[in-house]
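Student: I'd like to go through the ligand site of this model with you. Shall we take it step by step?

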Amino acid sequence: MTLRPDFASDLLIDGKLVAGSGGTYDVVNPATEEVIGQAAQATAADMDAAIAAARAAFDTTDWSRDHAFRARCLRQLREALAGHFDELRELTVAEVGCPVFLTHGPQLEGPMNDLDYFAGLAESYDWTVDLGEASPMGIKNHRELRSEAVGVVGAITPWNFPHQINFAKIGPALAAGCTVVLKAAPDTPWCAALVGKVIAEETDIPAGVINIVTSTDHELGAQLTADPRVDLISFTGSTATGRAVMASAAASLKKVFLELGGKSAFLVLDDADLGAACAMAAFNVVTHAGQGCAITTRLVVPREKLAEATELTRTALAGLPAADPTKPGTICGPLISARQRDRVEEYIALAVAEGGTVETGGGRPADREHGYFVSPTLISGLDNSARVAQEEIFGPVLVILAHDGDDDAIAIANDSPYGLSGQVWGTDPARINRVVDGVRTGTMGINGGIWYSADVPFGGYKQSGIGREMGVAGFAEYLETKAVARPA
Ligand code: NAD
């Protein structure tokens, strides 16, 4: 089976690849602005059929009870996808605009290979836990806890790391025994639809267990959140949309699981290697043009070293230009769309209007005639109350701020509506641990430490989200607990 030449123009509903009732829409390469093909345009009727199929598969098959079968299906899917890595790599770079180097990790191979981890959980999880005997009201009972799948999952995902986020939902949801309707991001339909094609043509995953819907219409996401046949919404996207998702899901009291925005701080203590820290902060913020919710976008350095750090970071960013994402050495590719590029440029203009200085970058690179590129940008001269230090920009824009000691650094990190990630750099373990303990955030790296892995739960404090994705905690999001007792 080859994914070309008619790849990904279909929806996956009830085990069949079907055309969208609304026809098709253009898929655009963000690095060239060329239309590279079409995606299926689903309508509300298609979404309705997808939800019906997921509901029927959950209610009328053994999928949720046959743990070994699910593990086999997930491994089979991983193997089938691995056979398409080269094609998927090319199409992913073309659709997402992500640097090709990232497809060897979280933009492709990492999350697909992680299906094995979730298959293992389906087999090894303690589905039944014996609680022994107790005598409530004087009557001796034997009790046990059983874990069961939540039911139908509505998975709604963004465009920035589509495979990673799609699989961080599909993997644990299917392993747990749920059935799924995946509503892909409008800008990256192929990443989802290609997987649908592989599922339909190369796996034994039963009809209706996973359904994949692509559309430019955000309302299909809203439809999923409101439908009473859906038991859980697993959402990744902006905090604003997350609020709408939670409000809509409240009407039918669905469980919601939200992975939202971030404005994470990169804290440099006064005993840190300043050069290495600034180089890493620059690398982080340009990776995939800053389009990552967990990217550190506030660099917070000792006040007495602010000028030196600004110069080190400016130099590092200037050496990481926005470039062709198909080239192996590229770290910073384009933004996903003209809309996102405009948004980033507006934030840079806002920084200047607020009194900030653009140390490097600040707009479109002169050597890129086409594509939604913005040059890596460093903003100085502001404090943490500036809007560019408070709001998520989602572009290659770093704001450098000064702190007056460890406590002040912690306070600046926490002076944010978000709490998703962060870094601390220093040499004294006691001071580093104090900072790690003080920052209210779901993940922290120390001196460049990378926490990302299938077995590590990821998620946010505060307005960065509710719940955890990946790891055993992420798997458990897709489970209900049933307490069972019988007279002993
Ligand atoms: P978005 O919130 O605009 O859209 C995300 C998804 O929600 C899309 O599929 C969209 O069609 C759908 N949607 C839009 N309106 C909806 C509604 N009312 N009801 C239901 N679904 C709706 O986000 P985006 O612009 O695609 O992605 C960027 C954002 O995602 C950033 O804020 C980023 O920080 C966040 N993000 C968070 C994480 C995380 O794990 N915390 C990961 C990646 C991205």
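Student: By class, how many nonpolar, polar and charged residues does the shell around the ligand have?

Tutor: Happy to help! This is a predicted model, where local features need pLDDT of at least 70, side-chain atom pairs count only at pLDDT 80 or more, and totals for chains, interfaces and linings use all residues. Residues are numbered from 1 along each chain as its sequence is written, and side-chain values use heavy atoms, with hydrogens and water left out. Ala, Val, Leu, Ile, Met, Phe, Trp, Tyr, Cys and Pro count as nonpolar, Asp, Glu, Lys and Arg as charged, and the others, Gly among them, as polar. On that basis the shell has 15 nonpolar, nine polar and three charged residues.

Student: Where does the ligand lie with respect to domain 1 and domain 2?

Tutor: The bounds, from an automatic or database domain assignment, are 5-260 + 465-487 for domain 1 and 264-453 for domain 2. Both domains give residues to the shell, so the ligand lies between them.

Student: Which residue has a side-chain N or O atom 2.7 Å from an oxygen atom of the ligand?

Tutor: Polar contacts here are pairs of N or O atoms within 3.5 Å. A ligand oxygen is 2.8 Å from a polar backbone atom of T157, and one is 2.8 Å from a side-chain N or O atom of T241. The 2.7 Å distance belongs to the side chain of K183.

Methods. A polar contact is a pair of N or O atoms within 3.5 Å; within protein, one must be able to donate a hydrogen and the other to accept it, and residues adjacent in sequence count only if both atoms are side-chain atoms.
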